[in-house]
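Colleague: I am new to this model and would like to understand one part of it properly before I look at the rest. Please pick one residue to begin with, and work outwards from there to the elements around it.

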Amino acid sequence: METDPVHRFVHALSPASRDQVQQLPQEQRERMAAAWERHLNDDTDLLSVSELDPAAAEHEVAERVVRENL
């Protein structure tokens, strides 16, 4: 299992978003990955989604972080 937060964040994205994010500087990708992890830990609305489909919850939050930061 991959433990690098940036790699996990990028992997959770759709292909189109992944291409956009991979073009960004490493520092910005690191900030977005940190925001993604905070959302995953703090968003109580995701609890039921993450219990049923963790990958879907990770994807939903990753896409939200991209929309908020690009």
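Modeller: Glu30 is found in helix α3, where a helix is a DSSP run of H or I of at least four residues, a strand is a run of E of at least two, and numbering starts from the N terminus. Please keep in mind that this is a predicted model, in which local features need pLDDT of at least 70 and side-chain atom pairs count only at pLDDT 80 or more, while totals for chains, interfaces and linings use all residues. Residues are numbered from 1 along each chain as its sequence is written, and side-chain values use heavy atoms, with hydrogens and water left out.

Glu30 has a relative accessibility of 41%, and it therefore counts as partly exposed, a class between buried (under 20% relative accessible area) and exposed (over 50%), with a 1.4 Å probe and protein chains only. Its C-alpha atom is 9.2 Å from that of Phe9, although Glu30 and Phe9 are 21 residues apart in sequence. Phe9 belongs to α1, and the pairing of that helix with α3 is the place to go next.

Helix α1 covers residues 5-12, and its axis comes within 9 Å of the axis of α3, the two crossing at roughly 80 degrees. That crossing makes α1 roughly perpendicular to α3. Axes here are lines fitted to C-alpha atoms, for helices over the stretch in contact, and angles run from 0 to 180 degrees between N-to-C directions; under 35 degrees is roughly parallel, over 145 roughly antiparallel, 65 to 115 roughly perpendicular, and the rest oblique. On the α1 side, the residues that meet α3 are Pro5, Val6, Arg8, Phe9 and Ala12, contact meaning heavy atoms within 4.5 Å. On the α3 side, Glu30 is joined by Gln26, Arg29, Met32, Ala33, Trp36 and Glu37.

Of these, Trp36 deserves a closer look, and it too lies in helix α3. At 0% relative accessibility Trp36 counts as buried, whereas Glu30 counts as partly exposed at 41%. Leaving out residues up to four places away in sequence, Trp36 touches Pro5, Arg8, Phe9 and Ala12, and also Glu58, Val61, Ala62 and Val65. Its C-alpha atom is separated by 8.5 Å from that of Arg64, a residue 28 places away along the chain.

Arg64 is part of α5, which brings us to another partner of α3. Helix α3 (residues 26-42) packs with helix α5 (residues 54-69) at an angle of about 130 degrees, and their axes are 9 Å apart. That angle makes α3 oblique to α5. From α3, Gln28, Met32, Ala35, Trp36, His39 and Leu40 take part in the contact, while α5 contributes Ala57, Glu58, Val61, Ala62, Arg64, Val65, Val66, Glu68 and Asn69. Met32 and Trp36 are thus named among the α3 residues that meet α5, as they are among those that meet α1.

Returning to α1, we can follow it to helix α2 (residues 15-22), whose axis comes within 8 Å of that of α1, with a crossing of roughly 140 degrees. The helices α1 and α2 are therefore oblique to each other. Phe9, Val10 and His11 of α1 make this contact with Arg18, Val21 and Gln22 of α2. Ser17 also lies in α2, and at 8% relative accessibility it counts as buried. Apart from its neighbours within four places in sequence, Ser17 is in contact with Glu63 and Val66, and Val66 is one of the α5 residues that meet α3.

To place this part within the whole, the protein chain has five helices and zero strands, following the pattern α-α-α-α-α along the sequence. Of its 70 residues, 33% are buried. Among contacts between residues at least 6 apart in sequence, 59% join residues at least 24 apart.
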